[in-house]
Amino acid sequence: MRLSNKKRTPIYNFIQTILFVGIILGIVAFFVERYKIDFLGWESYLLIVIPVFIGILYWTRGKQIFEYDSDGETLTINNYSIVPFFKDQKKDEFPKYKLQNFQVVNLIIIKRLLITIHSKKNHHLHLKYDVSYLRNKEVKDLKISLRKVLKANKEENQVVTETV
């Protein structure tokens, strides 16, 4: 199964542009109000605080683009941000049989996918991905796909232990 929200990149770019313009206009309006008009008083700080707060909420949700591919023998997960100064890309590819467990943590505005894989020397490796920008249907599809992989892994382990 393939899952990607890359088609919504123009929407995310538009939202970011609006946020940057809102922050800049808020700063300009603050200085104009503070030094020329002086009508609002202490409420003039809200002209800066509100756009900055909304921007922080948007950017703390995590990386916008999430791509998942479970076709073939490997799971490929790619998670990256479209913001130029947040360009850290997280790309992992591992065999399906190494998947041990997964969990989708759903906080108020943040969703994270936590995956546990089995690595060499019986260590468990924990991988974290931002899935806040996925729709609920896409998150459900992702869970279904990962459950299928886990179920196949359990069945394969049972067959191996029965033959031994």
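## Two antiparallel sheets and a pocket

Three strands make up an open sheet in the order S5-S6-S7, and their pairing is antiparallel. S5 and S7 stand at its edges, each with a single partner strand, so one side of each is left without a neighbour in the sheet. From one strand to the next, the twist averages 20 degrees. Please keep in mind as you look around that this is a predicted model.

Let's walk through this sheet strand by strand. S5 covers residues 99-106 and S6 covers residues 111-118; the two run antiparallel and are joined by seven bridges. Within this pairing, Val104 has Leu113 of S6 standing opposite. The connection from S5 to S6 is a hairpin that passes through four residues.

S6 also pairs with S7 (residues 124-130), again in the antiparallel sense and over seven bridges. Here His118 is the residue to find, with His124 of S7 opposite. Five residues lie between S6 and S7 in their hairpin, and one residue of that turn, Lys121, has a positive phi of about 60 degrees.

A useful reminder when you inspect any of these strands: in a regular strand the side chains alternate between the two faces of the sheet.

### The other sheet

Four strands build another open sheet, in the order S1-S2-S3-S4, with antiparallel pairing. Its edge strands are S1 and S4 (90-95), each of which pairs on one side only. On average, neighbouring strands of this sheet are turned by 5 degrees against each other, direction ignored. S3 and S4 run antiparallel and are joined by six bridges, and Asn79 stands opposite Lys90 in S4.

The strand pairs described so far can be set side by side:

| Strand pair | Direction | Bridges |
|---|---|---|
| S5 and S6 | antiparallel | seven |
| S6 and S7 | antiparallel | seven |
| S3 and S4 | antiparallel | six |

### A salt bridge across the chain

The structure holds six salt bridges. One of them brings together the side chains of Arg2 and Asp71, at 3.1 Å from N to O. This pair links distant parts of the chain: Arg2 sits in S1 (residues 2-4), whereas Asp71 is in the loop between S2 and S3 (74-80), 69 residues apart. As a general point, side chains of opposite charge can pair when their charged atoms come close.

### The largest pocket

Which residues line the largest pocket? They are Tyr97, Lys98, Leu99, Gln100, His118, Leu150, Asn153, Lys154, Glu156 and Asn157. The elements that give two or more residues to this lining are S5 and helix H3 (136-163). H3 gives the most, with five residues. By character, the lining divides into three nonpolar, four polar and three charged residues. The volume of the largest pocket is about 150 Å³. His118 thus turns up in two places in this report: in the lining of the largest pocket, and opposite His124 of S7.

### How confident is the prediction?

The protein chain has a mean pLDDT of 87, with 95% of its residues at 70 or more. Where in the chain is confidence lowest, and where is it highest? It is lowest in H3, with a mean of 85, and highest in S2 (residues 65-69), at 93. H3 is also the element that gives the most residues to the lining of the largest pocket. In general, where pLDDT is low, the predicted coordinates should not be read in detail.

Key
Residues are numbered from 1 along each chain as its sequence is written. This is a predicted model: local features need pLDDT of at least 70, side-chain atom pairs count only at pLDDT 80 or more; totals for chains, interfaces and linings use all residues. Side-chain values use heavy atoms; hydrogens and water are left out. Two strands pair if DSSP finds at least two bridges between them. On a 1 Å grid over the protein atoms alone, a cavity is a set of points where a 1.4 Å probe fits but cannot get out, and a pocket is an open set with protein on both sides within 12 Å along at least five of seven lines; lining residues have an atom within 4 Å of a point. Grid points are joined across faces, edges and corners, and a volume is the space filled by probe spheres set on the points. Ala, Val, Leu, Ile, Met, Phe, Trp, Tyr, Cys and Pro count as nonpolar, Asp, Glu, Lys and Arg as charged, and the others, Gly among them, as polar. Axes are lines fitted to C-alpha atoms, for helices over the stretch in contact, and angles run from 0 to 180 degrees between N-to-C directions. pLDDT is the predictor's confidence in each residue, from 0 to 100. A salt bridge is a side-chain nitrogen of Lys or Arg within 4 Å of a carboxyl oxygen of Asp or Glu.
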